[in-house]
Amino acid sequence: MLATQNVTMRYGGRTLFEGVTVTFNPGNRYGLTGPNGAGKSTFVKILSGELDPQTGHVQRPKRLGMLRQDQFAFDLFRVVDTVIMGNKRLWEALQERDALYLKGDLDDDDGMRLGELEGLVAEEDGYTAEADAAVLLSGLDIPEDLFERPMHELQGGQKVRVLLAQALFGRPPALLLDEPTNHLDLESIHWLADFLSHYEGTVIVISHDRHFLNQVCTHIADIDYQTIIQYTGGYDAMVVQKTQVRSRVEADNAQREKKIEQLKDFIARFAAGTRSTQVASRKKEVERLAPTELARSNIQRPYLRFEVKRPSGKVVLEAENVSRAYDDKVVIKSFTANILRGEKIAVVGRNGSGKTTLVDTLVNSLNGGGKLRWGHETHIGYFAQDYRPSIPKGITAFDWLRLIDGQAGVEAVRGLLGQMLFKGDEAFKPTEALSGGESARLMFCKLMLEKPNILVLDEPTNHLDLEAVIALGQALEKYEGTLLLVTHDEDLLSTVATRVWSVGDKPGQVLDYTGSYDDFVNSRA
């Protein structure tokens, strides 16, 4: 059983949640939702015991699986050992057992202890631990030749997948997963969704991937109104239920307020007359009909709109036999394609297949062979996967946008920042003090200010909350220019794409498919 009783958490004068009493039942899979800063990660830390609530208490099982965010904590350990550490009881027993065997001459106490440890290892499936860890690692696309390597030799994305395998190892009765799909490609996300859908314990997952939440979750635990409310179904079902509940309360309040006005009118007309009994009765009725107090939602919805200052020519890009290699590794080989104005191309493929290399090659005209010709009046707005270096330090967000477009007025820039949730003095934050989500929103301000006729977006959703991802999808759907989009968000792909480039099915190959993303998936199936 995983449950909280009257849990409260405040930071300074800000309340994240207050008096939260909620139960997470075995067999259910809960999506923990809420905007950035609502307290999702804080609540998960409270559930795990990493953080104590200011009031209340938590009931939890003896063992929890948790996705850890510290990628460097296990650098000195083998990959397979890092996974097995997910079962702390088993790992400690294995370490103690191995130390006894190394001791050599064992006395009677050592022999007794060794017997106990062997029993504990058997009880925790320790004799198949490495094989079980290998299954998880393979499912998460970690190559077998890395299993015995130390963690420090892995790339950042690979480390995240190993830590995810650690959380899943041994099928603990409850799993706490904070953004498990970050740094995973679509195939790994599909594997994880299938794994969790068959998981028999309790799952609590934070994710900004709406498709993933809809696919995996049986319930949503939504942090809003300074509390946590559970809804049955996936994310989309929660949005409908939440809207219906609030609409019913608002409609009921409107009816109550109308009736109260009628009663107050009667009281005002006859207060000094002979109908004192009726007046007193109506005063009591006014008190009884007091409207239900509606707490203020902490959800903030950004507004994105990408305009085109001048349209490009009909042919946007001609690529002929374009290639790119790193040392002796060919990443893109003899790629040929034409892009026409208004096309929206999704670039998909496994991690490391060359998606970023492809768009970087096209945008920056870098190649090891072939020809690239951008069309007439093309103006590119580029959101790079690592966009932070493109935001200068030592300047405020407001001043940087003014430098980008010197003709944009103060009110226009402030309005743009307000659309992207930079309220009041937040517009004058130093750029080096911005969080990942704030930096991403500032980059979108830049793109909206520039009004390019070509948008190239490489993993634009990594630091956005669900509300912002949905707003981005709506903006891209309405965008009249040409789009190149790299993302693992399937809802975004399904909403936007009119053409798909699949990278790395074979080394260096880019498969060009004309049609929607859903049609592309069906064609491959």
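**Figure 1. Contact between helices α12 and α14 in the predicted model.** On the α12 side, A397, W400, L401 and I404 make the contact. Their partners in α14 are L442, M443, C445, K446, L449 and E450. Helix α12 spans residues 397-404. The two axes come within 10 Å and cross at roughly 25°. An angle under 35 degrees counts as roughly parallel, and α12 and α14 are therefore roughly parallel to each other. The crossing of α12 past α14 is right-handed. An α-helix has 3.6 residues a turn, so residues three or four places apart point the same way.

**Figure 2. Contact between helices α13 and α14.** Helix α13 covers residues 410-419, and helix α14 covers residues 436-450. Their axes come within 9 Å. The crossing angle is roughly 135°. Angles that are neither roughly parallel, roughly antiparallel nor roughly perpendicular count as oblique; α13 and α14 are therefore oblique to each other. The crossing of α13 and α14 is right-handed. From α13, the contact uses L416, L417 and Q419. From α14, the contact uses L442, C445, M448 and L449. L442, C445 and L449 of α14 also meet α12.

**Figure 3. S439 in helix α14.** S439 is a residue of α14. S439 has a relative accessible area of 1% and is therefore buried, as the cut-off for buried is under 20%. Leaving aside residues up to four places away in sequence, S439 touches Y387, R388, I391 and L434. Y387, one of these partners, also belongs to an aromatic cluster.

**Figure 4. Aromatic rings and a charge over a ring.** One aromatic cluster is formed by F306, F383, Y387, F444 and Y479. The count of aromatic pairs comes to 13. F195 and Y199 form one such pair, which is tilted. Their ring centres lie 6.0 Å apart, with 40° between the planes. Both F195 and Y199 are buried. In a further detail, R441 lies over the face of F422. The distance from R441 to the ring centre is 5.1 Å.

**Figure 5. Helix α11 and the residue just after it.** Helix α11 runs over residues 355-364. In α11, 8 of the 10 residues are buried, so the helix is largely enclosed by the rest of the structure. The buried residues are K355, T357, L358, V359, D360, T361, L362 and V363. Charged side chains are among them, including K355 and D360. Just after α11, S365 takes a positive phi of about 50°.

**Figure 6. E459, a non-glycine residue with positive phi.** The phi of E459 is about 55°. E459 sits in the loop between β15 (454-458) and α15 (466-478). E459 counts as buried because its relative accessibility is 8%, and buried means under 20%.

**Figure 7. Q226 and Q230, in a loop and in strand β9.** Q226 is in the loop between β8 (219-224) and β9. Q226 is not a glycine, yet its phi is positive, about 60°. With a relative accessible area of 41%, Q226 is partly exposed. Q230 is found in β9 itself, which covers residues 227-232. Q230 also counts as partly exposed, at 30% relative accessibility. Not counting residues up to four places away in sequence, Q230 touches V22, T23, F24, Y30, I220 and A221. T23 is 207 residues from Q230 along the chain. The C-alpha atoms of T23 and Q230 are separated by 9.3 Å.

**Figure 8. G37 in the loop between β3 and α1.** The loop holding G37 links β3 (29-33) to α1 (40-48). G37 is partly exposed, with a relative accessible area of 43%. G37 touches R14 and L16, leaving out residues up to four places away in sequence. I299 is 262 residues from G37 in sequence. In space, the two are 10.0 Å apart, C-alpha to C-alpha.

**Figure 9. Setting of the close-ups within the chain.** The chain has 17 helices and 18 strands. Its C-alpha atoms fill a box of roughly 100 × 80 × 50 Å, taken along the principal axes. Of the 525 residues, 49% are buried. Among contacts between residues at least 6 apart in sequence, 67% join residues at least 24 apart.

Conventions
Residues numbered from 1 in each chain as written. Predicted model: local features only at pLDDT ≥ 70, side-chain atom pairs only at ≥ 80, totals over all residues. Heavy atoms only, no water. Helix = DSSP H or I, 4+ residues; strand = E, 2+ residues; numbered from the N terminus. Buried < 20%, exposed > 50% of the residue type's maximum accessible area, 1.4 Å probe, protein only. Contact = heavy atoms within 4.5 Å. Phe/Tyr/Trp six-rings, centres within 6.5 Å; stacked < 30°, edge-to-face > 60°. Lys NZ or Arg CZ within 6 Å of the ring centre and 35° of its normal. Axes fitted to C-alpha atoms, helices over the stretch in contact; angles between N-to-C directions. Parallel < 35°, antiparallel > 145°, perpendicular 65-115°, else oblique. Left-handed = near helix turned anticlockwise from the far one by under 90°.
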